[in-house]
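Trainee: I would like a close look at one part of this protein. Please take the place where two helices pack against each other, and then follow the chain outwards from there.

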Amino acid sequence: LIVLFIITCLIYSYLYDATFLKLYLLVVGGYYLIQLPIGCNRYNRKRRKMMIGSWSEPNDPQIYLPLDIDLTNAKSYLEKKNETCPNKLTITHLVGKIIGIAMKNEKGMNGKIRLGNYVPHKNVNVSFLIALDEGRDLATCVINNIERKSLSEISQELNLGALSVRSHKDIKHKKRTLGAVILPTFLIGPIQEIIGYVSQRLGWPIPPVGMDRYAFGSCLVTNVGSMGYKTVLAPFTPFTNVCLLFSIGAIHKKAMAVGDEVLVRDVVTITITADHRFADGASASHIY
């Protein structure tokens, strides 16, 4: 509402009376003037501004569900598939495929909240987070209908998506992050909230800001293991409006009970961040 009020006043000022426009420019100019001593440094780049503008004090109903998975069978399976697959298959691709199948079978966690009501998605589209510029920025690559695709197809699409954003050829990503460069922090959050609601909840594309219909898919997947972390309790980014976030940790060795023996196995910890408005213990156990 605040953003709509500001936009309405700016349009009125442009058409009829420039008083409000001058006042707005004075406030924004004053804001940047105050920020000059502390804001213009390497710690306040566009991603940091988006982070500050997106979150308020913690008050979201997030559930964290860590799960240790024995990779003995999964590694053998991937090694066999990689013998004939033209694209290298990894744990990330396998986890994405499994997530797609699980969410297809659990329609109560594959949807969005629209106007106060839960509405299921028709398809399972999984969004993978991609780090670029040595972690200074994040982009997404959405694999549509992931449960219907082979591991090779998932790997190929993800590789092409990562190559596009890391080579700075992804026009949509540039449009999405432009606001973090030109807008003050106090406007980033409300604008992102409106854009996220229109795109992700109502399902309306917004081409001028690079947002497709359901731009962040059904859920998010991030591989924090690439940074060496075994377990991460990742928070939701509010404007993505997804109900599940899967964090894949680094592969590590751990003693596990196998039958009546204690064996050292290669293990990966996958932590699910779930929105309690969508999931409770019973529904989350179906994803597990």
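Mentor: Here is the helix pair, followed by the residues around it and some further sites.

The model is predicted. The chain has 288 residues, and 41% of them are buried. Its secondary structure comes to 9 helices and 9 strands. Take the contacts between residues at least 6 apart in sequence: 62% of these join residues at least 24 apart.

Now the pair itself. Helix α5 covers residues 91-105, and helix α6 covers residues 151-166. They pack at an angle of about 115 degrees. Their axes are 10 Å apart. The crossing of α5 and α6 is right-handed. From α5, the contact uses Thr-92, His-93, Leu-94 and Lys-97. From α6, it uses Leu-151, Ile-154, Ser-155 and Leu-158. By type, the contact residues divide into 4 nonpolar, 3 polar and 1 charged.

Stay with α5 for a moment. Val-95 is found in this helix. Is Val-95 buried or exposed? Its relative accessibility is 11%, so Val-95 counts as buried, the cut-off being under 20%. Leave aside the neighbours within four places in sequence, and Val-95 is in contact with Ile-248 and Ile-270. Ile-248 belongs to strand β7, residues 244-248. Val-221 is 126 residues from Val-95 along the chain, yet the two C-alpha atoms are separated by 8.9 Å. Val-221 falls within β6, residues 219-223.

Next, the α6 side. Two of the α6 contact residues, Ile-154 and Leu-158, also touch Ile-143. Ile-143 lies in strand β5, residues 137-143. Its relative accessible area is 0%, so Ile-143 is buried. Which other residues does Ile-143 contact, beyond neighbours within four places in sequence? They are Val-124, Asn-125, Val-126, Phe-128, Lys-149 and Glu-157. Phe-128 sits 15 residues away along the chain, with its C-alpha atom 7.9 Å from that of Ile-143.

Now move to the loop between β6 and β7. Cys-243 has its place there. With a relative accessible area of 1%, Cys-243 is buried. Not counting residues up to four places away, Cys-243 touches Met-109, Ser-218, Phe-236, Thr-273, Ala-274, Asp-275 and Phe-278. Gly-111 is 132 residues away in sequence, but the C-alpha atoms of Cys-243 and Gly-111 are separated by 7.6 Å.

Asn-241 is found in that loop too. Asn-241 is not a glycine, yet it has a positive phi of about 55 degrees. At 15% relative accessibility, Asn-241 counts as buried.

Tyr-214 is another non-glycine residue with a positive phi, here about 50 degrees. Its place is in the loop between α8, residues 185-201, and β6. Tyr-214 is buried, with a relative accessible area of 13%.

Finally, the rings. Arg-176 lies over the face of Phe-216, at 5.7 Å from the ring centre. The structure also holds 1 aromatic pair.

Back to the part you asked about. Helices α5 and α6 pack at about 115 degrees, with a right-handed crossing. On the α5 side, Val-95 is buried and is in contact with Ile-248 and Ile-270. On the α6 side, Ile-154 and Leu-158 take part in the helix contact, and both are in contact with Ile-143 of β5.

How values were computed:
Residues numbered from 1 in each chain as written. Predicted model: local features only at pLDDT ≥ 70, side-chain atom pairs only at ≥ 80, totals over all residues. Heavy atoms only, no water. Axes fitted to C-alpha atoms, helices over the stretch in contact; angles between N-to-C directions. Helix = DSSP H or I, 4+ residues; strand = E, 2+ residues; numbered from the N terminus. Left-handed = near helix turned anticlockwise from the far one by under 90°. Contact = heavy atoms within 4.5 Å. Nonpolar A, V, L, I, M, F, W, Y, C, P; charged D, E, K, R; others polar. Phe/Tyr/Trp six-rings, centres within 6.5 Å; stacked < 30°, edge-to-face > 60°. Lys NZ or Arg CZ within 6 Å of the ring centre and 35° of its normal. Buried < 20%, exposed > 50% of the residue type's maximum accessible area, 1.4 Å probe, protein only.
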